[in-house]
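This report introduces one protein structure to a reader who has not met it before. The sequence and the structure are shown first, and the description follows.

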Amino acid sequence: MWGLRREVSLLLANGHPDAPFYPLHRVWEEAELVVSRQNQTLATETLLIQMAVSSLFAKEAGREFHKIISRLTDGGEG
């Protein structure tokens, strides 16, 4: 029961205002998608932090970091 409440809460916090009314299978599927997206975001942020730190010590890493940030911020193709 607590697992279901936690998943509905997760969905509510991530833009699913009707989550309490979803059928059980949809709650689980949507929660799985939300967690997957959150994990992907965390992995991307971790890699960016690693690149930012590396750019302090290596010019090539700095150039690559700048290219990625530029692409992510719609600043061009890199």
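Is E30 buried or exposed? E30 counts as buried because its relative accessibility is 18%; the term buried means under 20% relative accessible area, exposed means over 50%, and partly exposed covers the range in between, with a 1.4 Å probe and protein chains only.

The model is predicted, so local features need pLDDT of at least 70 and side-chain atom pairs count only at pLDDT 80 or more, while totals for chains, interfaces and linings use all residues. Residues are numbered from 1 along each chain as its sequence is written, and side-chain values use heavy atoms, with hydrogens and water left out.

**Surroundings of E30**

E30 is found in helix α2, which spans residues 24-55. Helices are DSSP runs of H or I with at least four residues, numbered from the N terminus. Leaving aside residues up to four places away in sequence, E30 touches L11, H16 and Y22, where contact means heavy atoms within 4.5 Å.

E30 also takes part in a salt bridge with R26. Both residues lie in helix α2, four residues apart, about one turn of the helix. R26 is partly exposed, with a relative accessible area of 35%. In addition, R26 lies over the face of Y22, at 4.0 Å from the ring centre; a charge sits over a ring if NZ of Lys or CZ of Arg is within 6 Å of the ring centre and within 35 degrees of the ring normal. Y22 thus appears twice in this account, as a contact of E30 and as the ring beneath R26.

**Salt bridges**

A salt bridge is a side-chain nitrogen of Lys or Arg within 4 Å of a carboxyl oxygen of Asp or Glu. By this rule the count comes to three salt bridges. The table gives the N to O distance for each pair.

| Residue pair | Closest N and O atoms |
|---|---|
| R26 and E30 | 3.8 Å |
| R63 and E60 | 3.0 Å |
| E64 and K67 | 3.3 Å |

R63 and E60 both lie in helix α3 (residues 59-72), three residues apart, about one turn of the helix. R63 counts as partly exposed at 46% relative accessibility, and E60 is partly exposed as well, at 44%. E64 and K67 are separated by about one helical turn because they are three residues apart in helix α3. For E64 the relative accessible area is 28%, so this residue is partly exposed; K67, at 31%, also counts as partly exposed.

**Nonpolar surface and other features**

I49, V53, L56 and F57 make a nonpolar surface patch of about 490 Å². Patches are made of residues with over 30% relative accessible area and no salt bridge, with like charges joined within 9 Å and nonpolar side chains (Val, Leu, Ile, Met, Phe, Trp, Tyr) within 5 Å. Accessible areas come from the Shrake-Rupley method with a 1.4 Å probe, and for residues only the protein chains shown count as cover. Within the patch, I49 lies in helix α2 and counts as exposed because its relative accessibility is 57%.

A13 is found in helix α1 (residues 2-13). A13 is exposed, with a relative accessible area of 65%. The C-alpha atoms of A13 and L47, 34 residues apart along the chain, are separated by 25 Å.

Methods: Helices (H or I, at least four residues) and strands (E, at least two) are DSSP runs, numbered from the N terminus.
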